[in-house]
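Student: I would like a close look at one part of this chain. Please start from a single residue and work outward from there.

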Amino acid sequence: MALAKFISKIVQSITKTTFQFNKTLDVLIDRFKEGCPTTKELESLVQQKNQINGALNQINQKIATLNKVAQGSEVAVEALKAGKTVIKQLPIPSSVPPGVGLPLSVTNNLADSLDNLGTLIDKEEASLESIPEALELISNDVGEVITKLNEFDVVLNGCIEKDPNITSDNLNATTFELEGVLSEAELEELLNTPPGLLYGDYYLRLSFPPTDTSLIKKQIIAQNKESVIDGDFYNENIPVEKLLGDESFSSSNVVLVDEMKWLIDTKDLIFPPPEPQEDPLKAIYRENQIIILMSLFGANREEAEELYELAWELSQNKGPTAFYYDQLVQEAFDNSRNILEQAVANEGYEWQQGDRVLDSTIKRLFLADLTTDQAITSQISHIRRTAENILEKAKDEGGSYNPTSKRWDNDGAFGSANDGRLYPYSERLALTAETQFNDATIGNDFISLRPEMAKRKPLFQAIFEAANLRFLAGAGINFNDPLKDYFLSKNQGYNQPIINEIPISGNANEVITSDEIRDIWQSEINIATDYYFNNLIPPNNDETNNGLTFDQINAYSKTKILIKLKNVLGINWYNANAQAASELPFWSPGGGNPNSSSYNQNNVNAGLTTADKWYFEFGRNGLPVPTGL
């Protein structure tokens, strides 16, 4: 109980102190509303700002000490006691405009509280559990003052730059002593002499950022002591770490040093900002609504929890579906539900119909083998981003979308612009338009999949396409689609590409056969030939802008289809099979290695040299060297 009383006293003291600081700063900032003050007033304001800054830094240092106490380190009672004397001797701005002077009793109370708290903790008379909460309250108050002090510094510096009568000597007229030892001049000499002022694990140096005026702007830069060449702790294997203080025309060296000390002391504080307090009603309703989402809509626990979060946001007129809030209220009234119940019903239905793609659903389908939250989050981000790109490209190329047939108006254009993703995606999506098929056309073995087909909206199907691409790229994820065998029965399997409008079926032992590769290559020659004649660059008209000549068309086509095979079948297939695919007999009838220049019949490199832009070779033109694994 004693500790709680002292902590309460500290919070009250700092609250009073920061309230006074805020009043003072409000008046000071108000001085700039009608324009810049006179030169004499500016000089006075500089001194007052430095005084507030100095007092604030002392409070900050005490907060840092309490943090160290709370994390179980050795209690720095002597430091707390010393802080009492320092605070009482602060040059508090009692000469600021009438009505906003800061009584010395305010900081005296603060010093007494800190001193008594340190003594109490040292005697281990109470628990430390309440310190983080108190520090959070204190930090909020101090943070408000810091924000306002920065605002004051901005307007003050702006006027200093404009005033032709202000000199650096005017700004440095106010002097302090650093911890009762160094004068302002002595401190400046130390800050300007390598390695600088040692504080904790850092050397502090004074820097002078460039300005457009004759005035001197100053900044303290702290560098970890092991990386400072001129220091006593130099270690060439330690990387450089720097902390940058604020740039200021008006702050004294002591104030700048104190600010940097605060930054060093608090950069690794163990108390993160507390989580926002949850609305009690949100917690009260959660379990009941999660059970409804699981039992009525078929979500698993994790999916239900994510749906509940979305529903709660909507019920508060927040989140990505807040635009729907007014209609939600009407629906709740019509259905005799409260707003949250209606939001839960809506979110559950949207998810069940495939209009909501949850992170937890992606995790369930594809990421069951991943063990760390970081890996799961990364993969979900990759899958979502790729899926959105696939969908956006389909919209750009396809025009209007028909949700009944699940086709875009220009679906036919996808084949000619095939990149190994878009065309099979659009075909597979169209195959899920179950209202367009009878049982016979769907196939007796797949009639039970009609509900799953109905869920496949463009984004949801794009998620499956993106996950399959990640799987093929060797990203270490699983791939599970309930419609996988159905697509396979329609020659639209995920690992059966459609390249150049040619569907690939492979056989029982191979994903793709040599005959299919040959057919794709021959179609690619036709595409490349059309590209060549439609993109010749004048005046010679014998080369395209990507360096393709007529003699290189066969080699160019071979490179392009192997890239397409890599993109569609995945890097694992490519590494294991690309070399063999490049040496198939049809490239050079009569046997031998068609990649060798000694075999010219159908050899795509016949007549070319390695200097030619499109000479076929692994490692060139975006065609990676297969590893053979």
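Student: Take S227. Where does S227 lie, and is it buried or exposed? Then set it in the context of the rest of the chain.

Tutor: Bear in mind that this is a predicted model. S227 sits in the loop between strand 3 (219-224) and strand 4 (242-244). Its relative accessible area is 7%. The cut-off for buried is under 20%, so S227 counts as buried.

Look at its side chain next. The side chains of S227 and N224 are joined by a polar contact of 2.7 Å. By the range given for strand 3, 219-224, N224 is the residue where that strand ends. Now set aside the neighbours of S227 within four places in sequence. The contacts of S227 are then Y234, I238, P239, V240 and E241.

The loop between strand 3 and strand 4 also holds K225. The side chain of K225 meets that of D201 in a salt bridge, 3.5 Å from N to O. D201 belongs to another loop, between strand 1 (197-199) and strand 2 (202-207). The two partners are 24 residues apart, and the pair links distant parts of the chain. Their exposure differs in class. K225 is buried, because its relative accessibility is 15%. D201 is partly exposed, with a relative accessible area of 46%. Side chains of opposite charge can pair when their charged atoms come close.

Now widen the view. The structure holds 24 salt bridges. Some sit within one helix. In helix 14, E392 pairs with K395, and their closest N and O atoms are 3.6 Å apart. These two residues are 3 positions apart, about one turn of the helix. Both are partly exposed: E392 has a relative accessible area of 39%, and K395 has 41%. Helix 21 (residues 514-534) holds another pair, D515 and R518, again 3 residues apart and about one turn. Their closest N and O atoms lie 3.4 Å from each other. D515 is partly exposed at 42% relative accessible area. R518 is partly exposed too, at 30%. Elsewhere, E452, K455, R456 and D481 form one network through salt bridges that share partners.

Turn to the interior. Buried residues make up 45% of the 629 residues in the chain. In soluble globular proteins, nonpolar side chains tend to be buried together. Here the largest nonpolar core has 38 residues. Those with the most contacts inside it are I362, F366, L367, I383, Y425 and Y486. Five helices give two or more residues each to this core: helix 13 (359-366), helix 14 (373-398), helix 16 (422-430), helix 19 (458-472) and helix 20 (484-489). Take Y425 as one example. Leaving out residues up to four places away in sequence, Y425 touches I390, L391, A394, W408, P458, Q461, A462 and E465. Apart from this core lies another, of 33 residues, which includes I504, I517, Y532 and V604.

L562 gives a second buried position to set beside S227. L562 is in helix 22 (residues 553-569). Its relative accessible area is 2%, so L562 is buried. Beyond four places in sequence, L562 touches Y574, A578, A581, S582, F616, F618 and L623. From L562 to S582 is 20 residues in sequence and 8.1 Å in space, C-alpha to C-alpha.

Some totals complete the picture. The chain has 23 helices and 8 strands. Among contacts with a separation of 6 or more, 62% join residues 24 or more positions apart. The chain exposes about 31200 Å², and carbon and sulfur atoms supply 49% of that area.

Finally, check confidence. The mean pLDDT of the chain is 78, and 72% of its residues reach 70 or more. Among the elements, helix 10 (residues 301-315) has the highest mean, 95, and helix 3 (residues 77-88) the lowest, 38. Two stretches deserve a flag. Over residues 173-180 pLDDT stays under 50, and the model has 18 contacts there beyond four places in sequence. Over residues 269-274 it also stays under 50, with 9 such contacts. Where pLDDT is low, the predicted coordinates should not be read in detail.

Terms used
Residues are numbered from 1 along each chain as its sequence is written. This is a predicted model: local features need pLDDT of at least 70, side-chain atom pairs count only at pLDDT 80 or more; totals for chains, interfaces and linings use all residues. Side-chain values use heavy atoms; hydrogens and water are left out. Helices (H or I, at least four residues) and strands (E, at least two) are DSSP runs, numbered from the N terminus. Buried means under 20% relative accessible area, exposed over 50%, partly exposed in between (1.4 Å probe, protein chains only). A polar contact is a pair of N or O atoms within 3.5 Å; within protein, one must be able to donate a hydrogen and the other to accept it, and residues adjacent in sequence count only if both atoms are side-chain atoms. Contact means heavy atoms within 4.5 Å. Accessible areas come from the Shrake-Rupley method with a 1.4 Å probe; for residues, only the protein chains shown count as cover. pLDDT is the predictor's confidence in each residue, from 0 to 100. A nonpolar core is a set of buried Ala, Val, Leu, Ile, Met, Phe, Trp, Tyr and Cys residues joined through side-chain atoms within 4.5 Å. A salt bridge is a side-chain nitrogen of Lys or Arg within 4 Å of a carboxyl oxygen of Asp or Glu.
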